[in-house]
Amino acid sequence: MSDNIFPYLVIGLAKYLERGMTYPYPDELLFSLNHIFWANKDTFPKTLSGFLKLTNSPLSQWYKLELPQNFDPEAPLTDSNDLSANAQEYLDTLLDETNLPKGASLEDLQLALDNHKFFQLIKRLRAAFPNSPQRVQKEYVLLRRFLIENPITSLEKIEFTFERCQYLQVEEIVDFYDSVERVQHKFAYPDTNGQAKLWSCLNCGPLSPKQNELQSAKSSSCSSTCPRHVGGWLSHEINPQLVVLKRAIHLRALIPGIAELNLFDWLVELMTNNAEFIADVQLYPNVDAYDIYLRFADATVWALDIKDYKDPYQLANQLKGIYNQGDLKYQRGFYVYPAVRNQQHQGYRDIVLENSKRKRKGASIRTDEEFQIEVLKMLESMKG
Ligand SMILES: [Zn+2]
């Protein structure tokens with residue numbers, strides 16, 4: 001957690017200085033000061049102006065919490081009542097990489113920072129990929145699948161799953177989760193015996209009570225196919241070892257991830273039964289260049305990216321063409337979305353097609369059902 005404080009401090013300072021150092025203090029500044037205070041209890045200045053003076057001196061002299069690796073510990077945070085050049089540069093990169101406006105709320109900031117951590121991990125694995133492609137890829141898929149399939153899990157299970165990894169640390173996986181202690185008040189809901197439990201849905205992840213009823217974080221991706229009445233809502237006994245997937249990872253990795261794994265597992269089974277026609281299926285190839293790589297026996301390659309948005313305009317906005325280089329080059333690219341979206345919004349497909357025309361670089365738009373039919377047709381044609 002402590003390495004999370006620094007971005008709040010820089011954003012809080014930036015807001016405060018921009019306002020001409022007037023009251024009220026930005027939430028980010030108060031939040032970070034609170035943490036910094038507990039780390040320096042005895043020596044911490046009694047006033048804010050005293051603290052601002054500190055920020056003029058090198059961080060190494062007063063900042064006891066963890067610093068991000070890309071920040072020089074000998075640099076100050078401010079320079080004559082302005083952000084220092086180092087802090088400004090750090091802030092620019094952060095806002096750029098998290099896609100976050102500086103005015104964002106604390107909650108948005110939290111979401112963006114958690115996302116950013118995931119993004120940093122992918123960046124690190126991609127850098128390691130050329131040295132040890134198979135190992136890195138194996139660990140990345142292990143992680144991705146684990147996050148999707150274990151929205152509520154235990155510290156022991158995380159440790160057991162990742163302790164032998166070479167490129168992933170147990171602590172950073174734990175950091176994608178909130179401790180039960182921290183989120184219990186948000187997630188606990190009684191079972192039929194009145195005992196408080198945590199709940200998750202097989203389709204859409206952790207559930208939380210709203211107006212006295214359990215609800216999904218993204219109910220639109222579950223609404224018409226919700227497995228609640230067929231045993232798809234699982235309860236978890238509350239104990240101190242329990243952890244719950246953070247909201248940012250839930251939205252970013254788990255929600256689309258269920259559809260990705262379903263399609264991937266379907267293709268793998270198809271390959272097993274048609275080994276003479278399907279040569280290879282890979283999940284998240286080359287550390288997530290796209291979602292699924294599919295190679296037929298005649299060397300034709302298809303690439304898939306699976307997207308799930310309720311709003312067709314949002315989906316269209318996300319389509320920027322699928323990576324098509326090196327050993328991942330393909331003949332056909334597909335953006336695939338869940339068929340259920342067509343029923344939820346009239347003209348869904350037409351809106352996506354119309355609004356992504358120039359950006360999607362020739363990729364086809366299909367529902368998951370249409371895509372499966374297209375694969376089966378391809379098999380038929382190869383069988384002659
Ligand atoms: Zn659900």
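Analyst: Two strands count as paired if DSSP finds at least two bridges between them. Keep that cut-off in mind for this predicted model.

User: How do you know that strand 13 and strand 14 pair, and in which sense?

Analyst: Count the bridges. Strand 13 (residues 301-306) and strand 14 share 5 bridges. The cut-off is at least two, so the two strands pair. The sense is parallel. One opposite pair is I306 and V336, the latter in strand 14.

User: What joins strand 14 to strand 15?

Analyst: There are 4 bridges between strand 14 (residues 332-337) and strand 15, and the two run parallel. At least two bridges are needed, so this also counts as a pair. Y335 has I365 in strand 15 as its bridge partner.

User: Which sheet do these strands belong to, and what is its order?

Analyst: An open sheet of 5 strands, ordered 11-12-13-14-15. Its pairing is mixed.

User: What makes strand 11 and strand 15 the edge strands?

Analyst: Strand 11 (278-283) and strand 15 (364-367) each pair on one side only. On average, neighbouring strands of this sheet are turned by 25° against each other, direction ignored.

User: Why is strand 14 called mostly covered?

Analyst: Of its 6 residues, 5 are buried. Helix 15 (residues 368-383) lies across strand 12 (292-296), strand 14 and strand 15.

User: At what angle does helix 15 run to strand 15, and how would you class it?

Analyst: The angle is about 105°. The range 65 to 115 degrees counts as roughly perpendicular, so this crossing falls in that class.

User: Why are helix 6 and helix 10 called roughly perpendicular?

Analyst: Helix 6 (residues 133-149) packs on helix 10 at about 95°, and their axes are 8 Å apart. The class runs from 65 to 115 degrees, and therefore the two helices are roughly perpendicular to each other. R144, R145, L147 and I148 of helix 6 meet residues of helix 10, among them A253, L254 and L261.

User: What does helix 10 give to the largest nonpolar core?

Analyst: That core has 62 residues, and L147, V244, L254, I292, L304 and V336 touch the most other members. Helix 10 (residues 247-273) gives the largest share, 9 residues. The core draws at least three residues from each of domain 2 (129-247) and domain 3 (251-383). Another core lies apart from it, with 21 residues including I5, Y16, Y63 and L83.

User: Which residues does V244 touch?

Analyst: I152, Y177, D178, V180, V183, F187, L198 and P206, leaving out residues up to four places away in sequence.

User: Why does D178 count as buried?

Analyst: Within 10 Å, 20 or more neighbours are required. D178 has 20 C-beta neighbours inside 10 Å, so it counts as buried. D178 sits in strand 4. With residues up to four places away in sequence set aside, D178 touches V183, V243, V244 and K246. Its C-alpha atom is 23 Å from that of Q69, which is 109 residues away along the chain.

User: What is the order of the open sheet of 3 strands?

Analyst: The order is 3-10-4, with antiparallel pairing. Strand 3 (152-154) and strand 4 (177-179) are the edge strands, since each pairs on one side only. Neighbouring strands are turned by 40° on average, direction ignored.

User: How do you know that strand 3 and strand 10 pair?

Analyst: Strand 3 and strand 10 (residues 242-245) share 3 antiparallel bridges. At least two are required, so the pair qualifies. T153 stands opposite V243 in strand 10.

User: Which helix packs on the sheet there, and how is it directed?

Analyst: Helix 7 (residues 155-162) does, touching strand 3 and strand 10. Its direction makes about 75° with that of strand 3, so the angle is within the 65 to 115 degrees of the roughly perpendicular class.

User: Which domains does the assignment give the protein?

Analyst: According to the domain assignment: domain 1 (2-104), domain 2 (129-247) and domain 3 (251-383). The centres of domain 1 and domain 2, taken over C-alpha atoms, are 32 Å apart.

User: How many helices and strands are there in the protein?

Analyst: 15 helices and 15 strands. The C-alpha trace spans about 80 × 55 × 45 Å along its principal axes. Of the 384 residues, 32% count as buried.

Terms used. Residues are numbered from 1 along each chain as its sequence is written. This is a predicted model: local features need pLDDT of at least 70, side-chain atom pairs count only at pLDDT 80 or more; totals for chains, interfaces and linings use all residues. A nonpolar core is a set of buried Ala, Val, Leu, Ile, Met, Phe, Trp, Tyr and Cys residues joined through C-beta atoms within 7 Å. A residue is buried if 20 or more other C-beta atoms lie within 10 Å of its own, exposed if 12 or fewer, and partly exposed in between; C-beta atoms are placed from the backbone. Domain bounds come from an automatic or database domain assignment. Two residues are in contact if their C-beta atoms, placed from the backbone, lie within 7 Å. Axes are lines fitted to C-alpha atoms, for helices over the stretch in contact, and angles run from 0 to 180 degrees between N-to-C directions. Angles under 35 degrees count as roughly parallel, over 145 as roughly antiparallel, 65 to 115 as roughly perpendicular and the rest as oblique.
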